[in-house]
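Work through the exercises below with the sequence and the model open. Each task is followed by a solution in steps.

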Amino acid sequence: MILETLSQSVSTVLHNKKRLLKALLIPFLVTYCLRSMKVSVAGYELYSEILVFIFNIAIFLTSSMICLRTQQILDKHDTVDAPWQWLKFDSQQRRYSGYLLVLFVLLQAIFLLIEADYKIATNGLIYSVMLVLSVVGWVIFSRLSFVLPAIASGKEASFKDAWAITKDKKLYAFVIAGLLPVAFYMLFIGLPIFLLFANPNLAMGLKFIYIFIWGVIVIAIPFIIAAIEATAYRALMDKSKATEISNPA
C-alpha cells in the first residue's frame, strides 16, 4: 500500500535524523543561499540572466547532492554515528547528477507537450493524442526515475535496470514517482501561492516570512521525494507487500 511506503519513509527518516542532519545541513544552507542570490539578481539586465543560469546550475548540483545523500543514508541500516559532511562531487555523485539531468530534460519535454496540448490543440483527436502521449511520457519518467535510488545504493545502475525493477509494479512506480511529487508541489507551493494572491494584503504583510518559508519548502521537497523513492526502491527490491496498490487476495 502507498500509505505503508509513506509511513516507512517517515519512520526511516526519523531513525536516521542525526545522520541526515550531518550529511545535509551544509548542502541545504548552500542551496538556500544560492536561491536567495538568484532571486536578488533576476530580471534586470543580460548579465543578470547569465548569472541566473549559473545559479540554476549550482542549485541543481547541490539539490542533486541532497537527494543522493538522502537515498544513500536511507538505503543503509547503519546505526554508527557519521561525521559532518561537506560538499563533495565524486564519481557516484557525477553519475547520479547525470541521470538526474536526463530525467529533468524528459520532465521538461513532458511539460512542454502538456502546454502545447492546451494551447494549440485544434480538435478533439489532436488533443486526445497529445494527452495520451503526455500520460505515456509521465509513466515512462516515473519508472526510469528509480535509477536514482539504485545508483545511491552503490550499483552501476542504468535506465535499463530501473525499467526491469518496475516491470511488474508500473502503477506503484507511477504513484510514487509520478503522482506524489505533483501532489507535494501543489500542496506546499501551489496552494500557498494561490491563497496569497487571493489576499494581497495578507501577502504584503507576510512577504518576508513567506519568502523565507517558501525557500525552505522548495529545498525540502526534493529531500522528501528522494526519501520516499528510496523507501519505495527498497520495497521493490525486497518484493514487499507495500508495493501492492490494493490489498492482496
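**Exercise 1**

Which backbone oxygen does the side chain of Thr166 reach? Find it, then describe the surroundings of Thr166 in this predicted model.

Solution.
- Step 1. Locate the residue: Thr166 sits in the loop between α7 (159-165) and α8.
- Step 2. Follow its side chain, which reaches the backbone oxygen of Ala162 at 3.0 Å.
- Step 3. Look for a side-chain partner: the side chain of Thr166 also makes a polar contact with the side chain of Arg143, at 2.9 Å.
- Step 4. Set aside neighbours within four places in sequence; Thr166 is then in contact with Arg143, Phe146, Ala173 and Leu236.
- Step 5. Check exposure: the relative accessible area of Thr166 is 0%, so the residue counts as buried.

**Exercise 2**

Is Met237 buried, partly exposed or exposed, and what is the separation of its C-alpha atom from that of Thr166?

Solution.
- Step 1. Met237 belongs to helix α10.
- Step 2. Its relative accessible area is 38%. Buried requires under 20% and exposed requires over 50%, so Met237 is partly exposed.
- Step 3. Met237 and Thr166 are 71 residues apart along the chain, and 9.6 Å separates their C-alpha atoms.
- Step 4. Leaving out neighbours within four places in sequence, the contacts of Met237 are with Lys155 and Ile165.

**Exercise 3**

Which elements give two or more residues to the largest nonpolar core?

Solution.
- Step 1. Start with the core itself, which has 34 residues; Tyr96, Phe146, Val147, Leu148, Tyr172 and Ile176 touch the most other members.
- Step 2. Assign the core to elements: α3 (46-75), α4 (91-120), α5 (124-144), α6 (147-152), α8 (170-198) and α10 (207-237) each give two or more residues.
- Step 3. Pick out the main contributor: α8 gives the most, with 8 residues.
- Step 4. Look for another core: a second, separate one has 11 residues, including Ala23, Ile66, Leu74 and Ala227.
- Step 5. Put this in context: in soluble globular proteins, nonpolar side chains tend to be buried together.

**Exercise 4**

Which residues does Ile73 touch, not counting residues up to four places away in sequence?

Solution.
- Step 1. Ile73 is in helix α3.
- Step 2. Its relative accessibility is 6%, so Ile73 counts as buried.
- Step 3. With the sequence neighbours left out, Ile73 touches Asn16, Arg19, Leu20 and Ala23.
- Step 4. For Ala23, the separation along the chain is 50 residues, and the C-alpha atoms of Ile73 and Ala23 are 8.8 Å apart.

**Exercise 5**

How many disulfides does the count come to?

Solution.
- Step 1. The criterion is a pair of cysteine sulfur atoms within 2.5 Å.
- Step 2. By this rule the count is 0 disulfides.
- Step 3. Compare exposure: Cys33 is partly exposed, at 44% relative accessible area, whereas Cys67 is buried, at 10%.

**Exercise 6**

Where in the chain is confidence lowest, and where is it highest?

Solution.
- Step 1. List the elements: the chain has 10 helices and 0 strands.
- Step 2. Take the chain as a whole: its mean pLDDT is 83, and 79% of its residues reach 70 or more.
- Step 3. Go to the extremes: helix α9 (residues 200-205) has the lowest confidence, at a mean of 60, and α6 has the highest, at 95.
- Step 4. Add burial: 38% of the 249 residues of the chain count as buried.

Conventions. Residues numbered from 1 in each chain as written. Predicted model: local features only at pLDDT ≥ 70, side-chain atom pairs only at ≥ 80, totals over all residues. Heavy atoms only, no water. Core = buried A, V, L, I, M, F, W, Y, C linked by side-chain atoms within 4.5 Å. Buried < 20%, exposed > 50% of the residue type's maximum accessible area, 1.4 Å probe, protein only. Helix = DSSP H or I, 4+ residues; strand = E, 2+ residues; numbered from the N terminus. Polar contact = N/O pair within 3.5 Å; in protein donor to acceptor, adjacent residues only side chain to side chain. Contact = heavy atoms within 4.5 Å. pLDDT = per-residue confidence, 0-100.
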